[in-house]
Amino acid sequence: MLSTCSVSCGRGTKQREIACVYQNQTKIEEEHCGHLPRPRTEKACRAQGCPSWKANRWRECSVTCGVGSQNRDVYCRLKGTGRVREDLCDAQQRLAIVRPCQSAECTHYTWVAGEWEDCNATCGEGMRSRKVGCMGAGMTPVQDDYCEPSSQPASHQACKAAPCHYMWTSGQWSQCSSSCGVGYQQRMVSCSVVPSSQALRSYAAAQSSSASPHCPEPHPPGSRPCLLRDCPHTTYWKVGQWSKCSQTCGAGVVERRVECMTSKGHASKHCRPSERPESQAACRDRECQSFASCREVQMRLGVKIDGEYYLKVKSRTLQIYCAEMHTDFPKEFVTLRSGQTDNYSEVYGHRLVNPFECPYNGSRRQDCDCRNDYSAAGYTLFHKVRLDLSSLRIMITDLQFSQTLLGRPVPFATAGDCYSAAKCPQGQFSINLIGTGLKVAEATKWTSQGNYVSVKVHRSEDGARIYGRCGGFCGKCIPQAHNGLLLQVH
């Protein structure tokens with residue numbers, strides 16, 4: 001009787017026992033069958049096909065320049081069945097899942113320092129300076145952001161010349177401040193240095209009573225009382241006519257001339273300051289004409305020039321920037337009055353070698369154990385942001401009035417990184433709407449995208465300022481899609 005196949009898959013053999021027997025099947029010694037051809041004791045057999053290792057395509061290189069690595073998925077597969085348990089395949093024949101790869105050579109940036117200039121002091125302690133710049137391939141100047149800040153050579157250095165000698169110098173006394181009564185006279189008093197060349201150089205103006213630490217005591221007086229004659233006449237405040245309002249519409253200012261005069265009509269300095277009438281006052285001739293949209297400004301006034309205009313936004317008149325006024329579809333923008341340094345979005349470019357750490361308590365440092373190779377990194381400043389007047393939403397992806405200083409453009413109110421999976425966000429964004437008449441609505445929330453994302457958003461009491469830190473491994477935060485970046489009239 002044949003045994004089962006010696007293998008569970010692929011090619012194997014089957015065995016059987018051979019015996020010499022009488023016709024009644026009784027076993028006898030093999031010598032009795034010696035005259036007969038002996039049957040085979042084994043034959044070849046084939047079981048079902050063996051599973052084998054299969055691999056997917058190699059993924060993209062982990063770096064955009066220099067030497068990196070590529071990964072791929074490797075799995076155990078049985079023909080006709082598909083993916084099976086890995087222990088069914090030969091572990092020694094397993095295909096590689098990682099291999100090195102090399103993209104274009106990385107451009108190396110380095111600091112280059114020029115020669116020191118002469119000391120700026122002719123005597124004593126001073127400073128000398130030199131030019132320091134960031135250079136790329138072929139000594140081409142690039143922005144300083146490309147070089148490592150911690151290794152930047154000093155551009156200023158303390159220096160010393162021969163010791164200085166100091167002396168007081170004083171100017172002529174001024175005329176008496178009053179033509180009658182008690183007045184005062186003034187003169188310039190300064191502590192000056194006398195270098196070895198004997199050329200005088202003013203060291204510090206010292207008109208106050210405090211002494212210079214370099215010049216000898218006593219400090220010469222900078223003022224003294226004077227009396228030319230007694231005053232014979234009384235004085236009063238004389239006021240002129242109010243000027244026209246400084247604005248043709250809205251809030252403005254009117255001004256008038258206020259002078260101290262004697263009873264003889266001469267100018268005087270002896271009126272009481274506490275009795276001085278106001279020389280300025282607020283005025284409002286009429287309310288400024290306002291419009292519902294930039295298109296209405298264009299149609300009603302026939303204006304085709306981009307600029308700031310007064311628009312009625314939710315019952316309040318606000319200054320809105322109208323762009324593309326030469327087209328049939330002008331756009332509304334909010335000018336960020338606080339300045340672009342308070343309105344930015346950032347996707348941080350450094351990535352930790354060990355992404356499950358959060359070094360330095362989460363604070364950002366350039367000497368971290370990390371690589372600066374996150375391909376989505378970028379830093380964008382905003383001068384103006386696009387506003388949908390009907391919904392009061394900011395269109396965060398309109399970058400017409402923005403400036404990307406580093407990497408890829410980042411939408412407004414967005415931040416992220418690929419730094420750490422341990423709640424250690426490094427990407428930042430800032431919004432400052434002070435002076436615009438608008439604030440971020442309470443309904444505006446931020447949501448995360450990506451892996452291990454941490455979102456920290458801080459809002460000022462009045463809602464005009466928002467600061468956020470977001471990031472993960474890898475991920476970002478953006479205004480929630482349902483409401484978007486929704487504003488309210490302040």
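## Salt bridges in an extended, strand-rich chain

In this predicted model, Arg364 is partly exposed, with a relative accessibility of 29%. Its partner is a good place to go next. Arg364 forms a salt bridge with Glu346, with 2.7 Å from N to O. This pair connects distant parts of the chain, 18 residues apart: Glu346 sits in strand β27, while Arg364 belongs to the loop between β28 (350-352) and β29 (370-372). Glu346 is buried, because its relative accessible area of 7% falls under the 20% cut-off.

A second pair brings together Arg337 and Glu308, whose closest N and O atoms are 3.3 Å apart. Arg337 is found in the loop between β26 (331-335) and β27 (344-347), and Glu308 in strand β24 (residues 307-313), so this salt bridge ties together parts that are 29 residues apart in sequence.

A third pair joins Glu259 to Arg257, again with 3.3 Å between the closest N and O atoms. Arg257 is exposed, since its relative accessible area of 59% is over the 50% cut-off. Counted over the model, there are 15 salt bridges.

Here is how four of these side-chain partners stand in terms of accessibility:

| Residue | Relative accessible area | Class |
|---|---|---|
| Glu259 | Glu259: 25% | partly exposed |
| Arg257 | Arg257: 59% | exposed |
| Arg337 | Arg337: 38% | partly exposed |
| Glu346 | Glu346: 7% | buried |

Salt bridges with shared partners also join Glu308, Arg337 and Lys384 into one network.

Now let's step back to the chain as a whole. How many helices and strands does the chain have? There are 41 strands and 1 helix. The chain is more spread out than a compact globule, because its radius of gyration is 43 Å, well over the 23 Å that the globule rule gives for 490 residues. Along the principal axes, the C-alpha atoms fill a box of roughly 170 × 70 × 40 Å.

Of the 490 residues, 34% count as buried. The accessible surface comes to about 31100 Å², and carbon and sulfur atoms account for 49% of that. If we take the contacts between residues at least 6 apart in sequence, 60% of them join residues at least 24 apart. As for charge, the chain has 60 positive and 44 negative charges, and the mean positions of the two sets are 4 Å apart.

Notes:
Residues numbered from 1 in each chain as written. Predicted model: local features only at pLDDT ≥ 70, side-chain atom pairs only at ≥ 80, totals over all residues. Heavy atoms only, no water. Salt bridge = Lys/Arg side-chain N within 4 Å of Asp/Glu carboxyl O. Buried < 20%, exposed > 50% of the residue type's maximum accessible area, 1.4 Å probe, protein only. Helix = DSSP H or I, 4+ residues; strand = E, 2+ residues; numbered from the N terminus. Rg over C-alpha atoms; globule rule 2.2 N^0.38 Å. Contact = heavy atoms within 4.5 Å. Areas by Shrake-Rupley, 256 points an atom, 1.4 Å probe, with all protein chains shown as cover. Lys, Arg positive; Asp, Glu negative; His and termini not counted. Charge placed at Lys NZ, Arg CZ, Asp CG, Glu CD.
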